[in-house]
Structures are given as C-alpha cells and as structure tokens.
Amino acid sequence: MIRIKFCKGYDHALRTATELLFKQYETTRFIGQHTQGERHISRTWIESPISNRFSLLLSGGRGVEDLLEYWRIHHLDAPIWQNTHYYWSDEVIVPHSTSLSNYGRAHDIFFRHASIYPGHIHPI
C-alpha cells in the first residue's frame with residue numbers, strides 16, 4: 001500500500017502516487033533479478049518468483065478514476081503497464097458494460113488505451 005501524507009493539491013497527489021508506484025515497480029524488478037537464494041530473502045517485495053511480475057490492486061471511485069486518467073494522459077507508454085497484473089479490491093456485481101462496474105470504468109478510462117496483455121487483467 002502506498003500512503004501519501006502531505007501533498008500540495010490533488011494534481012500533486014496524483015503525481016506523487018505515480019512516482020511512488022514507479023519506484024516500487026523498479027525495486028521489484030531489481031529484486032526479481034537477484035539469485036534464487038536472494039530472491040527468497042526478499043519475497044515480501046515480490047508476489048512470485050517470476051522475474052518482473054508486479055501486481056496492482058485497484059478499488060473503485062473517483063480517486064482511482066482520476067489516477068487512471070492521469071496515467072493515460074501522462075504515462076500511457078510506461079513499461080510498468082505491460083508487466084503488471086491488475087486486480088480489484090471491490091466490485092459491484094453488474095455487467096462490465098454498465099457505469100456501475102469499477103472494472104468497466106477502468107477499462108474505458110485506461111485499459112483500452114494501454115498496451116496490456118488481456119491475461120494480466122483480472123476482473124471480478
């Protein structure tokens with residue numbers, strides 16, 4: 001979990017959250033390149049022994065939608081998106097095509113624009 005305590009406005013919060021996410025991703029990639037023994041020691045930082053695997057848990061709501069829009073506008077071609085698996089922490093059980101679906105909103109705002117392998121997106 002990334003916690004941001006002090007920001008100078010909403011745009012600064014979006015930028016700071018993105019910078020922290022990218023930093024965590026780079027840390028995970030670096031740890032994923034260690035030897036098998038070192039990887040075992042560092043397991044709290046990575047989800048699996050597969051090198052370069054990174055997972056992101058998304059919720060719904062306006063804040064996440066704003067963050068996804070910020071990523072689409074400013075970081076659509078960042079390499080992090082191709083190596084990330086996406087999960088949802090909450091979801092209304094409705095068709096993905098409705099405006100009530102957190103996955104549907106995320107797809108419309110970000111996923112359909114980004115180059116992400118469909119098998120890395122895990123909607124409920």
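These are my notebook entries on a predicted model, taken element by element.

**Entry 1. The sheet.**
I looked up the strand order before anything else. Three strands form an open sheet, ordered S1-S2-S3, and the pairing is parallel. S1 and S3 are the edge strands, each with a single partner, so one side of each has no neighbour in the sheet. I then went through the pairs. Five bridges join S1 and S2 in the parallel sense, and two bridges join S2 and S3, also in the parallel sense. For residue partners I noted that Leu56 has Tyr86 as its bridge partner in S2, and that Leu58 has Trp88. On the S3 side, Tyr86 stands opposite Ile121.

**Entry 2. Connections between the strands.**
I followed the chain from strand to strand. S1, H3 and S2 make a right-handed β-α-β unit. S2, H4 and S3 make a right-handed β-α-β unit as well.

**Entry 3. Faces of S1 and cover of S2.**
Which side chains of S1 are buried, and which are not? Phe54, Leu56 and Leu58 point to one face and are buried. Ser55 and Leu57 point to the other face and are not buried. For S2 I noted that four of its five residues are buried, so the strand is mostly covered.

**Entry 4. Helix H4.**
I counted burial along H4 (102–111). Seven of its 10 residues are buried, so the helix is largely enclosed by the rest of the structure. The buried ones are Asn102, Tyr103, Gly104, Ala106, Ile109, Phe110 and Phe111. What do they pack against? Their partners are S1, H3, S2 and strand S3 (121–122).

**Entry 5. The largest nonpolar core.**
The largest nonpolar core has 25 residues. Those that touch the most other members are Trp71, Trp81, Tyr86, Trp88, Phe110, Phe111 and Ile116. The elements giving two or more residues to this core are helix H1 (10–32), strand S1 (54–58), helix H3 (62–74), strand S2 (84–88) and helix H4 (102–111). I took Phe111 as a case to follow up. Apart from neighbours within four places in sequence, Phe111 is in contact with Leu58, Tyr86, Trp88, Ala106, Ile116 and Ile121. Two of these contacts, Leu58 and Trp88, are bridge partners of each other, and Tyr86 and Ile121 stand opposite one another across S2 and S3.

**Entry 6. Cavity search.**
How many cavities of 30 Å³ or more does the whole structure hold? The search finds one. The largest cavity has about 50 Å³ of space. Its lining consists of Ser59, Gly60, Gly61, Val64, Glu65, Leu68, Trp88, Asn102, Arg105 and Ala106. H3 and H4 each supply at least two of the lining residues. I checked the lining against earlier entries. Trp88 is among the core residues that touch the most other members, and Asn102 and Ala106 are among the buried residues of H4.

**Entry 7. His75.**
I located His75 in the loop between H3 and S2. Is His75 buried, exposed or partly exposed? Its relative accessible area is 22%, and this makes His75 partly exposed, as the cut-off for buried is under 20%. Not counting residues up to four places away in sequence, His75 touches Thr18, Phe22, Tyr70 and Trp81. With Thr18 I also took the spacing: the two residues are 57 apart in sequence, and their C-alpha atoms are 9.1 Å apart in space. Trp81 is also one of the core residues listed in Entry 5.

**Entry 8. Ser97.**
I ended with the loop between S2 and H4, where Ser97 lies. Ser97 has 71% relative accessibility and counts as exposed, the threshold for that being over 50%. From Ser97 to Asp108 I read 11 residues along the chain and 9.4 Å between the C-alpha atoms.

Notes
Residues numbered from 1 in each chain as written. Predicted model: local features only at pLDDT ≥ 70, side-chain atom pairs only at ≥ 80, totals over all residues. Heavy atoms only, no water. Core = buried A, V, L, I, M, F, W, Y, C linked by side-chain atoms within 4.5 Å. Buried < 20%, exposed > 50% of the residue type's maximum accessible area, 1.4 Å probe, protein only. Contact = heavy atoms within 4.5 Å. Pairing = 2+ DSSP bridges. Right-handed = clockwise from strand over helix to strand, strands pointing away. 1 Å grid on protein atoms, 1.4 Å probe; cavity = no way out; pocket = protein on both sides within 12 Å on 5 of 7 lines; lining within 4 Å. Points joined across faces, edges and corners; volume = space filled by probe spheres on them.
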